[in-house]
Every structure is written in structure tokens, then in C-alpha cells.
Amino acid sequence: MRVQSKRALRMVAVAGVLVPSLGQADWTMNMSPGVTGTSNDIFGLHMTILGICVAIGVVVFGVMFWSIIAHRKSKGHKPANFHENTVVEILWTIIPFAILVAMAIPATATLIDMYDTTDADVDIKVTGYQWRWQYEYVDEEFGFFSNLSTPTDQIENRQAKGRNYLLEVDKPLKVPVGKKVRFLLTSNDVIHSWWVPELGVKKDAIPGFINEAWTRIDEPGIYRGQCTELCGKGHAFMPVVVEAVPEEEYQTWVAEQRAAAERERQLTEKEWTLEELMERGESVYNTVCAACHQPDGSGSPPAFPSLRGTAVVTGDMDAHMDIVVNGVSGTAMQAFGEQLSEVELAAVITYERNAWGNNTGEMVSPKEIMEYMSE
Amino acid sequence: MSAVADTHSQEHHHGPASGITRWLFTTNHKDIGTMYLIFSFAMFLLGGSMAMVIRAELFQPGLQIVQPEFFNQMTTMHGLIMVFGAVMPAFVGLANWMLPLMIGAPDMALPRMNNWSFWLLPCAFLILVSTLFMQGGAPNFGWTFYAPLSTTYGPPSTTFFIFAIHIMGISSIMGAINVIATILNLRAPGMTLMKMPLFVWTWLITAFLLIAVMPVLAGVVTMMLMDIHFGTSFFDASGGGDPVLFQHVFWFFGHPEVYIMILPAFGAISHIVSAFSRKPLFGYASMVYAVGAIALLSFVVWAHHMFTVGVPLTGQLFFMYATMLIAVPTGVKVFNWVTTMFRGSLTFETPMLFAVAFIILFTIGGFSGLMLAIAPADFQYHDTYFVVAHFHYVLVPGAIFGIFAAAYFWLPKWTGHMYDETLGKTHFWLSFVGMNLAFFPMHFLGLAGMPRRIPDYALQFADFNMVSSIGAFMFGATQILFLFIVVKCVRGGEKAPAKPWEGAEGLEWTVPSPAPYHTFATPPEVK
């Protein structure tokens with residue numbers, strides 16, 4: 001009896017993990033009109049062209065089905081013998097052309113508006129990385145990375161999936177409502193594409209080039225999107241989350257961020273202990289490194305080497321710093337010197353040298369990192 | 001008298017050789033056509049089984065069956081194998097079998113090259129498929145292989161992929177040269193250009209497209225090879241190159257390529273619709289001009305694949321207008337087919353079922369194509385499942401249904417037997433339902449915001465993905481039935497007369513079924 005009930009329980013649990021989605025899924029069939037002027041314009045164009053296509057389809061398929069039903073040989077229908085009619089052929093060339101011209105006019109107007117990135121109130125630089133986004137507030141001198149916050153256990157079906165599965169981040173992009181926000185998009189590695197459907201903004205982030213896009217959000221709220229250009233194995237796992245807040249709240253938040261950035265700069269001067277660095281390093285490692293080198297440091301060779309007891313993390317400290325700070329060209333290992341602060345670099349290097357049984361007992365301080373980088 | 005005896009003894013010595021050498025050394029257009037068709041179907045099953053892996057993983061949210069690395073290899077290989085291994089060789093196979101029969105020629109103009117261009121293909125695909133077993137895995141950057149994901153960040157097997165593409169390209173170019181040489185030189189007396197069957201016309205234009213763009217593809221993969229191994233920076237901004245240059249060159253090949261995969265189907269469908277309507281094709285001349293116009297326009301629309309890369313406003317407008325313009329000649333073709341059916345005397349054998357489905361579903365793919373042409377709206381559609389739905393609607397019920405329609409139409413001529421009509425219709429209806437169930441919901445997924453090429457997705461996309469996977473499994477399994485039908489038809493069945501279809505027209509129906517090993521040794525007279 002007990003065995004049976006245990007088994008029944010387990011089956012319920014398995015079923016819960018396997019079909020967690022059904023309760024929350026929906027049957028959305030159409031585009032969302034979104035929350036900006038641009039997204040509403042696009043929605044209007046979308047519905048117009050869809051309407052035109054449906055109307056033409058009804059006429060053409062109507063004639064076709066009439067023939068299919070009425071002009072069957074089994075009903076004794078005798079074939080006509082016509083095979084040309086210049087007037088008809090000219091008409092069905094000119095009419096579609098006129099419809100297309102009528103369609104092109106509003107499309108052109110919308111496109112011109114979308115390309116007008118002048119007179120922006122806020123400038124935000126968006127940089128794509130494999131596989132996360134970096135946001136830098138150009139005029140405010142602070143910035144941060146925005147990482148997927150869905151736990152691996154949910155992705156690998158060991159845990160029920162949350163409401164915003166794969167569309168949630170640790171730190172969303174914050175923008176003020178009612179202001180024109182300009183995005184300057186680029187990439188650090190491969191091509192990514194930054195998309196938020198409800199804003200009607202999608203633009204490729206291309207390494208070595210800067211693209212522009214803009215938005216003005218009318219309603220406060222949280223808007224979610226994803227990377228839409230194949231960028232490697234983590235392509236599905238780099239969402240975009242934008243939080244639009246009222247102007248005052250935005251200003252308060254900006255002030256806090258500036259202060260926090262200042263505090264972070266001062267932390268470099270502090271004397272750190274091994275334990276403090278290990279603690280900080282673990283969180284840096286899990287957000288930045290674990291996607292490739294795995295949370296337990298085992299990697300997935302040959303593309304992503306193991307960090308368990310291997311020469312780089314147990315041997316020469318300078319060589320280890322060189323790889324983390326400058327990356328390895330021609331491979332997926334990026335130059336993290338540009339992405340992480342001195343404190344984060346020191347913490348993650350120290351963590352790698354002491355975690356998973358590496359236990360070298362060696363540490364590197366933020367100050368040493370700063371000296372190394374200024375060499 | 002002696003001349004007659006001579007001819008007889010020659011024919012006697014020119015039957016097919018026996019054993020494997022018949023196939024290795026053959027220069028006979030019918031043998032080579034058969035090999036192309038068998039090869040293409042094998043690739044169709046291989047590429048299709050990869051699609052099954054993709055749909056199985058997408059059956060539910062979360063990672064269940066494969067890891068993202070392998071998922072990306074599957075999407076890449078599925079695309080490459082279907083485009084270069086299944087669809088293109090199938091049309092070359094049809095061309096080999098039918099072009100000489102349709103224009104009254106004894107064989108293709110360049111038979112030895114014909115043999116060589118076929119046998120290059122298995123070599124190319126052996127290289128391509130072998131990358132799955134290499135360290136670091138197969139190409140994983142999508143069939144469009146955008147740099148720098150495919151150069152700096154590509155797996156070691158990318159080099160093998162490049163050589164495979166080179167070999168396929170050589171094969172395609174030789175095939176195209178052969179088609180042009182045959183059509184322009186070997187037509188029966190009296191068959192002027194404007195009397196050519198439409199399948200011949202569409203293939204002639206397709207062959208010119210192939211010769212124009214395959215070298216561009218070879219160029220772009222060679223630039224990749226240089227970037228990877230020889231230190232150049234064509235596509236690397238840090239060395240003065242430009243990743244977007246890759247996309248311009250690739251799509252200059254890629255857009256004509258999509259018409260390469262559909263124009264011959266246009267031709268075949270024109271014959272089939274006319275035959276089963278028992279009525280001449282409406283607007284023959286306008287059909288020819290429309291195909292020509294589509295082919296020319298296909299060279300000036302490539303950047304509509306790149307509306308989000310930051311093309312300047314004027315460029316964006318040019319490519320939007322040019323793309324919308326393609327709807328006009330394409331519309332003319334659809335109107336002509338429908339008018340051909342109008343007031344005909346219709347029957348619905350399997351080829352006609354596939355042809356009617358082709359017209360309806362290809363038109364739906366054309367409609368979504370017109371929507372994608374509207375540049376501002378494309379910012380929302382681009383790289384979502386809406387695009388996946390679009391191009392599967394033009395390729396599956398377009399190219400592939402066109403090939404099925406053509407195969408059923410000409411099978412009696414090839415084998416000398418009628419195929420099993422009940423099984424053929426079953427194959428059609430299962431394919432039709434499965435295909436729509438698989439691909440129609442993808443429109444909704446794309447509009448709701450699901451990006452393409454992802455192995456895992458947010459929960460609101462779960463329901464339609466499950467429906468789509470069920471449809472895909474149904475469509476995939478059904479194709480085994482086609483294999484069974486063809487094998488059954490080759491081995492026996494009701495004997496086919498020279499002209500098994502009441503309304504069919506053309507020289508191919510004047511020779512017996514099965515078509516003898518050598519046909520039209522003496523050219524027929526066309527009036």
C-alpha cells in the first residue's frame with residue numbers, strides 16, 4: 001500500500017513537471033498593438049495588409065472553389081476552350097499594382113518616423129554579449145549587465161516553470177515614460193538583435209558598428225522581449241526586460257545607481273579577505289562564466305575547457321589573469337577586462353583558484369588587478 | 001536497306017549496361033534523372049528526420065531531448081540538406097528526365113558532364129553529413145551562416161562545410177549549363193521558343209539564375225575560408241571588415257535561390273492544371289513574361305532579408321518597393337492558373353490534388369511574403385516564427401508539393417505502370433492535413449512574439465508548439481507512404497498507355513510508357 005501511494009505521488013509530481021505550461025499557456029493569434037506610437041502604427045499597417053490579403057484570397061479562392069464544385073467532369077461539365085483575354089490580363093496587372101501603391105504610402109510614412117532618432121531625452125548604449133545584454137546610461141556614467149534569472153532547474157524540468165519563464169532578468173533596463181529614449185546598439189562578439197514586441201523596436205546589434213533606434217513609452221509597465229538573431233547556444237536565454245517608470249521614480253533610481261557605481265569604485269581600494277572574495281566570486285562566476293564552463297567548473301570540452309584542477313587555474317597567476325582579462329582570440333573566451341569591475345575580476349579569479357577542490361589557497365586583490373591592467 | 005540494318009544493330013548495343021557500372025558510368029538522361037530523384041528523396045528523409053528532432057524538442061517548453069548546441073546543428077543541417085540536397089536535386093532530376101522528352105531531343109546536350117554533375121552530389125553530402133561526427137560538432141550557425149558566428153565563432157567543421165558548398169555549387173552550375181545547352185540547341189524542328197512547354201521555359205530561366213548566383217555563393221564561402229584560415233578580415237570589423245557585407249553577398253545569392261526552388265514547380269503545375277482541367281493553359285505568353293519578370297526582380301530585392309541591420313532609409317524604401325512589386329507577376333501566375341481551371345472539365349487525380357493545394361497554399365505563402373515586404377511591419381515579423389511559417393508555406397506546399405505533383409503526373413511515363421490511386425490520394429490528404437497543422441500555427445507563434453531558432457521558449461507559446469509538433473510528426477511519417485507507392489508502381493500495376501491522362505499535351509506523351517531507353521533518335525516534327 002505504502003509503496004503504491006508513494007509511486008502515485010511521484011507520478012503526480014512528474015506530471016506536474018512535464019505539463020506545467022498548460023495552465024498558463026494561451027492561444028494568442030495576433031500581433032500586440034503595443035504601448036508606443038510606433039508599435040501602434042505598425043499594428044495598423046499589419047492589420048491593413050492582412051485585410052487586403054484576406055480580401056484578395058476570398059475573391060481568388062472563391063472563383064477557384066466555384067470551378068472545383070461546378071465545373072467537374074463527373075457532373076458532365078464540358079470544357080470551354082478560351083485561353084487568352086488581353087483586357088482581363090491587363091486589368092489584373094494594373095489593379096494589384098494600384099493596391100500596392102496605396103499600401104506603400106502609409107508604410108513609407110511610418111518608416112520615416114521610425115528612422116527619426118533626433119532630439120532624444122535619454123541615450124542608452126545597448127551591447128550584446130554571448131549571452132546577455134549590457135546597458136550603459138551614456139549621460140549618467142553608470143551601466144550594468146542584464147542576465148537571465150530563470151534557474152537552470154526550471155529549464156531542465158527539475159522544478160515547475162515560473163510565470164515569466166525565460167523572459168525574466170536579474171536587472172531590467174529602466175526608462176522614464178513619456179520621454180524619447182534613443183538606443184545605440186552594438187555587440188561585443190557575434191550579431192545579436194534587441195527586440196521588445198510591445199515597443200515595436202527591433203534592431204541588430206553588430207560588432208564594430210553602432211545602430212540607432214528609439215522609443216517613447218506612454219504607459220508605465222514591464223515589457224519583455226528576446227534576442228532575435230541566432231547568436232550561439234545561449235540564443236534562447238538572453239531576454240530583454242524593459243521597465244517603464246514615471247519620471248520622478250526614474251530620477252531617484254538614476255541617483256541611486258550613480259551612488260552605487262561610485263561605491264563600487266571605492267571598493268577597489270578596500271582590503272579583501274579570501275572568504276569575502278570567494279563569496280563575491282561565486283555569484284560573479286554563476287552569472288558570467290557558468291553558462292559555458294558549467295556551475296561545477298567541468299566545462300564542455302573541446303569548446304569550453306574544464307576548470308577543475310587544470311593548469312590555467314592552478315598554475316601561474318599572471319597567465320590566469322591574462323586569459324580572464326584579455327580573453328583568447330579566435331575562441332568564445334571573451335575579454336572580461338572590459339565587462340567586469342576590478343573587484344569582480346579579482347573575486348572570480350580567486351573563486352576559480354579555490355572552488356571545486358582546486359584549493360590553491362591563492363588570492364588576488366582588486367588593487368593587484370588594477371595594477372595588472374594598467375601595465 | 002543496309003542503313004536500316006545498321007540502325008537496328010546500333011540500338012541493340014545501346015541498351016543499359018548491367019550491374020553497378022550502369023549507374024556509375026551512365027550518360028543516359030533517364031538513368032541520371034532517376035539517380036537524382038532517388039538521391040533527392042533520400043536527402044528529403046534525412047533532412048526530415050532532423051526536423052523531427054527539432055519538433056520533438058519543441059513539443060514542450062524546457063530542454064528534454066537535445067541540448068542547445070545540438071539543436072542548432074539540427075536546424076542548420078535541416079536547412080542545408082533540404083535546400084541543397086532535397087529540393088534542388090529533385091528539380092534537376094525532373095529536368096533530366098523530362099526536358100529531352102518535352103523538346104524532342106535524344107538526350108541532354110552534354111551527357112558526360114551530366115554524369116559528373118550528379119556524382120559530385122553524393123560526395124558533397126558525404127562531407128557535409130560527416131561533420132556531425134567531428135569534434136565540436138556540425139555547423140551550428142543556421143543555414144544562412146551569418147558571420148562572425150560562422151567564422152570567428154564557428155566550429156572546426158566549418159571548413160568541411162565550405163568545401164561541401166563548393167562541390168554542390170560546381171554540380172549545380174554544370175547542371176544549369178547542361179539545361180541551357182540542351183534547350184537552346186536540341187529542340188525539335190518547329191519548336192520555337194514561344195512554343196516550348198512551360199516546364200522547359202521555367203527551367204531555362206532557373207538555369208540562368210543558377211549560373212548567375214552560385215558563383216556568388218562560392219565567393220562568399222571562400223571569403224569565409226580566407227577569414228578563418230588566412231588572416232583576412234572581410235567580415236571582421238576589428239580588421240576593417242564588415243559583418244553586414246556577408247549578409248549582402250549571401251542574400252544576393254539567397255534571394256534568387258528561393259526562386260530557383262520554385263520556378264520549375266510553376267512550370268510543372270501549369271501542365272498539370274491544364275491537363276486535369278482538359279483546357280489549354282490560360283495566358284501562356286503572360287506566364288512566360290511573368291516568370292522572366294520574377295527572375296529579374298529577384299536580383300534587386302535581397303536586402304529585404306536585412307531590414308533590421310540598419311540599412312539607410314532610402315535603401316530601405318527601395319528594397320521595400322522592389323519587393324512589393326514581385327507580387328504583381330506572381331499574382332498574374334495565380335490568376336492564370338485559376339482561370340485555366342475556370343469552366344474546365346475537372347477531375348482530381350493525385351497530381352491535380354497536389355497542384356490545387358500548391359496554388360492555394362503557395363498563395364498563402366505569397367500573402368505572408370507581401371506582409372513581410374512592408375518594411376515597418378517587418379521589424380515585428382523579422383526572425384520570428386512568422387518568417388518560419390512563411391518560407392515553409394512557399395517551400396513545402398510550394399516546391400515539395402510541386403515535386404510530388406510532377407512525380408505522380410510522370411510516374412506512368414517513367415515506370416510504365418499506373419501508381420495506386422487510392423494510396424496516392426491518401427498520401428495527399430495526410431500530407432495536406434499534417435503540413436497545415438505543422439506550419440499554420442507558426443504564424444500565430446511569430447505574431448505572438450516567438451523568435452526562430454530557439455530550443456526552448458516562454459510558456460505562452462506552449463500550446464501552438466505542441467499542435468505544430470503533432471502536425472510535423474504526421475507529415476513526416478506520411479512520406480514513408482510515398483516511398484511505398486513508388487516502389488509498388490515500379491514493380492507492377494496496371495499497364496500505363498502512352499498518354500495516361502486524357503487532357504495531357506506534349507511530346508512526352510507521344511513515346512510509349514515506359515519511355516524506351518533511347519527516345520527521339522529521329523527528331524519529331526512540331527507544327
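The following questions and answers introduce a predicted model, chain by chain and feature by feature.

The model is predicted, so local features need pLDDT of at least 70 and side-chain atom pairs count only at pLDDT 80 or more, while totals for chains, interfaces and linings use all residues. Residues are numbered from 1 along each chain as its sequence is written, and chains are lettered from A and ligands numbered from 1 in the order in which they are written.

Colleague: Into which domains is chain A divided?
Modeller: The bounds come from an automatic or database domain assignment. Chain A is divided into domain 1 (37–114), domain 2 (122–264) and domain 3 (268–374).

Colleague: How many residues of domain 3 of chain A are in contact with domain 2 of chain A?
Modeller: The centres of these two domains, taken over C-alpha atoms, are separated by 25 Å. Contact here means that the C-beta atoms of two residues, placed from the backbone, lie within 7 Å. On that basis eight residues of domain 2 of chain A touch domain 3 of chain A, and the number on the side of domain 3 is seven.

Colleague: In what order do the strands of the sheet that contains strand 1 of chain A lie?
Modeller: Strands (E, at least two residues) and helices (H or I, at least four) are DSSP runs, numbered from the N terminus, and two strands pair if DSSP finds at least two bridges between them. The edges of this open sheet are strand 3 (142–146) and strand 8 (211–215) of chain A, each of which pairs on one side only. With mixed pairing, the five strands of chain A follow the order 3-2-1-5-8.

Colleague: Which residue of strand 2 of chain A is the bridge partner of A:G128?
Modeller: Strand 1 of chain A runs antiparallel to strand 2 (residues 132–137) of chain A, and six bridges join them. A hairpin makes the connection between these two strands of chain A through two residues. In strand 2 of chain A, the partner of A:G128 is A:W133.

Colleague: Which residue of strand 5 of chain A stands opposite A:V122?
Modeller: Strand 1 (residues 122–129) and strand 5 (residues 181–187) of chain A run parallel and are joined by seven bridges. Opposite A:V122 in strand 5 of chain A stands A:V181.

Colleague: Is A:E141 buried or exposed?
Modeller: A:E141 sits in the turn of the hairpin formed by strand 2 and strand 3 of chain A, which has four residues between the strands, and its phi is near 55°, a positive value in a residue other than glycine. A residue is buried if 20 or more other C-beta atoms lie within 10 Å of its own, exposed if 12 or fewer, and partly exposed in between, with C-beta atoms placed from the backbone. Because A:E141 has 11 C-beta neighbours inside 10 Å, it counts as exposed.

Colleague: And is A:L166 buried or exposed?
Modeller: A:L166 lies in the loop between helix 4 (152–155) and strand 4 of chain A, and its phi, near 70°, is a positive value in a residue other than glycine. Because 25 other C-beta atoms lie within 10 Å, A:L166 is buried.

Colleague: At about what angle to strand 4 of chain A does helix 5 of chain A run?
Modeller: Strand 4 of chain A belongs to an open sheet of five strands in the order 4-10-9-6-7, and it pairs with strand 10 (residues 240–245) of chain A in the parallel sense over four bridges. Axes are lines fitted to C-alpha atoms, for helices over the stretch in contact, and angles run from 0 to 180 degrees between N-to-C directions. Helix 5 (residues 247–267) of chain A lies across strand 4 and strand 10 of chain A, and its angle to strand 4 is about 135°.

Colleague: What radius of gyration does chain B have?
Modeller: Chain B contains 17 helices and zero strands. The radius of gyration is taken over C-alpha atoms, and the globule rule is 2.2 Å times the number of residues to the power 0.38. For 527 residues a compact globule would have a value near 24 Å, which agrees with that of chain B, 23 Å.

Colleague: Which helix gives the largest share of the side of chain B that touches chain A?
Modeller: In total, 81 residues of chain B are in contact with 83 residues of chain A. The elements that give two or more residues to this side include helix 4 (68–103) and helix 17 (462–491) of chain B. The largest share, eight residues, comes from helix 12 of chain B.

Colleague: Where is B:P148 found?
Modeller: The peptide bond from B:A147 to B:P148 is cis, with omega near 0°. B:P148 is found in the loop between helix 5 (111–130) and helix 6 (158–185) of chain B.
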